[in-house]
Protein chains: 2
Amino acid sequence: MTIRFGERIRELRKAKNLGQRGLGELVEVSFTYISKIENEKLDFGDYPSEELIQRLASVLDADVDELLLLAQKIPEQIRKRVMERPDAFRKFADLDDDKLDDLLEKLDNG
Amino acid sequence: MTIRFGERIRELRKAKNLGQRGLGELVEVSFTYISKIENEKLDFGDYPSEELIQRLASVLDADVDELLLLAQKIPEQIRKRVMERPDAFRKFADLDDDKLDDLLEKLDNG
DNA sequence: GTAACCGTTGACTGTTTACAGCAAGTATCG
DNA sequence: CGATACTTGCTGTAAACAGTCAACGGTTAC
């Protein structure tokens, strides 16, 4: 569960039998940049741009939201809904884990 | 309810009987920048930095989260919780308004 | 009319970001 | 050994970002 963004990219890349150069070409960035991403050694920030993450997810057949979350970015769908119903999400955000679980349960049933 | 960020700042400023120059001094930016903010005429983006928004809220005795939301930014508290429990928030985000209201009601009761 | 005040706007500056690309090194593997 | 893949420090760059500054226009008030 403590998987890092960089590791996950590497994992997905290998699952596709790609080298960093191959992946770099597919998403149109240099292979050295891919290396830095996988090792989380970028000059600033720890993660690449949201745009690049989208391309990575697409090329690697991965779940965009999973990658975005690993990169500490809020998935678009959630972001959109928070903007539309801030009242609701503010309350949800104030709940502790137990209460959140209660709510999820109620969703599955009722 | 379709109030814009800029309008809201102007509203709050006037409620405090401040001119743009006065507000500018209080939050330590030039008054011309305040003007652009109120008219949403910034060179890029439509809103100032999160940091400045915080200072504005503070000086204007306004709710930070309200201003952040108007500026299309996710309040920190919500952001933090989404990262901690993405599973839950993903599900909430998929709900339509009615279902969200149901959940809120359940929160108020039991 | 002109002074004093208030707000608007365009051009400009400094910083940060998101990469590129080289060079020199390490690791691995046949 | 040599080929191939990956790592990493450095320098460079273009675009985005956050704000400043000078100049200007509109009121009111004397």
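Three short exercises on this predicted model follow, each with a worked solution.

**Exercise 1. The surface near DNA strand C**

Find which residues lie closest to DNA strand C, and which element gives the most to the surface near it.

Solution.
- Start with the count: 21 residues surround DNA strand C.
- Pick out the closest. They are S30(A), Y33(A), S49(A), G19(B) and T32(B).
- Now list the elements that give two or more residues. Chain A offers α3 (31–38); chain B offers α2 (20–27) and α3 (31–38).
- Rank them. α3(B) gives the most, with 5 residues.
- Finally, sort this surface by class: 9 residues are polar, 6 are nonpolar and 6 are charged.

**Exercise 2. Where chain A touches chain B**

Describe the side of chain A that touches chain B, by element and by class.

Solution.
- Count the contacts: 22 residues of chain A meet 23 residues of chain B.
- Look for elements of chain A that supply at least two residues. These are α6 (76–84), α7 (86–93) and α8 (97–108).
- Take the largest share. α7(A) provides it, with 7 residues.
- Split this side of chain A by class: 14 nonpolar, 2 polar and 6 charged residues.

**Exercise 3. How the two copies are related**

Work out why the two copies are related as by a two-fold rotation axis.

Solution.
- Lay chain A on chain B. The RMSD is 0.3 Å.
- Read the movement: a turn of 177°, with a shift of 0.0 Å along the axis.
- Conclude: the two copies are therefore related as by a two-fold rotation axis.
- Locate the axis in chain A. The nearest C-alpha belongs to L103(A), 3.7 Å away.
- Check the contact surface. Both copies use the same one: 100% of the contact residues of chain A recur in chain B.

How values were computed
Residues are numbered from 1 along each chain as its sequence is written. Chains are lettered from A and ligands numbered from 1 in the order in which they are written. This is a predicted model: local features need pLDDT of at least 70, side-chain atom pairs count only at pLDDT 80 or more; totals for chains, interfaces and linings use all residues. A residue is near a molecule or strand if its C-beta atom, placed from the backbone, lies within 6 Å of it. Helices (H or I, at least four residues) and strands (E, at least two) are DSSP runs, numbered from the N terminus. Ala, Val, Leu, Ile, Met, Phe, Trp, Tyr, Cys and Pro count as nonpolar, Asp, Glu, Lys and Arg as charged, and the others, Gly among them, as polar. Two residues are in contact if their C-beta atoms, placed from the backbone, lie within 7 Å. Copies are superposed by least squares on the C-alpha atoms of residues with pLDDT of at least 70 in both.
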